[in-house]
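Reader: I am in my first year and still learning how to read a protein model, so could you take me slowly through a single part of this one? I would like to know what that part touches and what lies around it.

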Amino acid sequence: PVRAVLAAQSYDEACVISRAVCGKALSKQLYNIVDKIREVDAVQSPRLQRQLFEASPELSFAMMASGTPMRHTKRTLEGRGERVAALRDAFGVDVTPLIDHPPAGAARDDVFDAIALAWTARRFVAGSCVRLGGEVDETGLRMEVIA
């Protein structure tokens, strides 16, 4: 979300702020993680951004698939198959046991996302990641997503 949304105290207020700044509201899903985004934003700095960055699991999966988004959602059998195949190709191992037996408190799609983001983190460390965006905001942070 736009940074101004972090001051919102309700979903309705966040939508009003977001519409005023960028012309569109927030999804409920995004609003539900605003508290976590606020926590990260409070400690993020241009120096720390060399290690702490934003990434998207679905963008990571698309990059694994030569830039093509997955055709099916991860909660369907077809989507699960697409993602297992992409991860197997990316890591050279079958991730099915990890997916079939997620840690306590984690859902299957959480495990997919975590593994995809581990792939992105590995690319970041190796210097082979793709940076989308990159303009610098008023706090000196690059507004980018890493893939």
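Author: What follows is a close look at helix α7, together with the helices that meet it and the parts of the chain that lie beyond them.

Please keep in mind from the start that this is a predicted model. To place the helix within the whole, it helps to know that the protein chain has seven helices and two strands, and that the elements run α-α-α-α-α-α-α-β-β from the N terminus on. Taken along the principal axes, the C-alpha atoms fill a box of roughly 45 × 35 × 30 Å. Of the 147 residues in the chain, 29% are buried, and among the contacts with a separation of 6 or more, 45% are accounted for by residues that are 24 or more positions apart.

We can now turn to the meeting of α7, which covers residues 108–126, with α4, which covers residues 57–64. The axes of these two helices come within 9 Å and cross at roughly 65°. An angle from 65 to 115 degrees counts as roughly perpendicular, and α4 and α7 are therefore described as roughly perpendicular to each other. The crossing in which α4 passes α7 is left-handed. On the side of α4, the residues that take part are P57, S60, F61, M63 and M64, and they meet F112, D113, A116, L117, W119, T120 and R123 of α7. Sorted by class, the residues of this contact divide into eight nonpolar, two polar and two charged.

The second neighbor to consider is α5, which spans residues 77–91. Here the axes of α5 and α7 come within 11 Å and cross at roughly 30°. Because angles under 35 degrees count as roughly parallel, this value makes α5 roughly parallel to α7. Like the crossing with α4, the passage of α5 across α7 is left-handed. The contact is made by R80, R83, V84, L87, A90 and F91 of α5, together with R108, F112, I115, A116, A118, W119 and R122 of α7. By class, this contact has nine nonpolar residues, no polar ones and four charged ones. If you compare the two lists, you will find that F112, A116 and W119 of α7 appear in the contact with α4 and also in the contact with α5.

Between α4 and α5 the chain forms a loop, and S66 is found in it. The phi of S66 is near 60°, a positive value in a residue other than glycine. This deserves a second look, because most residues other than glycine have a negative phi. S66 has a relative accessible area of 71%, and since a value over 50% counts as exposed, S66 is exposed. G67 is found in the loop between α4 and α5 as well, but at 47% relative accessibility G67 counts as partly exposed. From G67 to R80 there are 13 residues in sequence and 18 Å in space, C-alpha to C-alpha, and R80 is one of the residues of α5 that take part in the contact with α7.

Finally, we can look at the two strands that come after the helices in the order of elements. Strand β1, residues 131–136, and strand β2, residues 142–146, run antiparallel and are joined by five bridges. One pairing to find in the model is that of V136, whose bridge partner in β2 is R142. The two strands form a hairpin with five residues between them, and in the turn G140 has a positive phi of about 90°.

Conventions:
Residues numbered from 1 in each chain as written. Predicted model: local features only at pLDDT ≥ 70, side-chain atom pairs only at ≥ 80, totals over all residues. Heavy atoms only, no water. Axes fitted to C-alpha atoms, helices over the stretch in contact; angles between N-to-C directions. Helix = DSSP H or I, 4+ residues; strand = E, 2+ residues; numbered from the N terminus. Parallel < 35°, antiparallel > 145°, perpendicular 65-115°, else oblique. Left-handed = near helix turned anticlockwise from the far one by under 90°. Contact = heavy atoms within 4.5 Å. Nonpolar A, V, L, I, M, F, W, Y, C, P; charged D, E, K, R; others polar. Buried < 20%, exposed > 50% of the residue type's maximum accessible area, 1.4 Å probe, protein only. Pairing = 2+ DSSP bridges.
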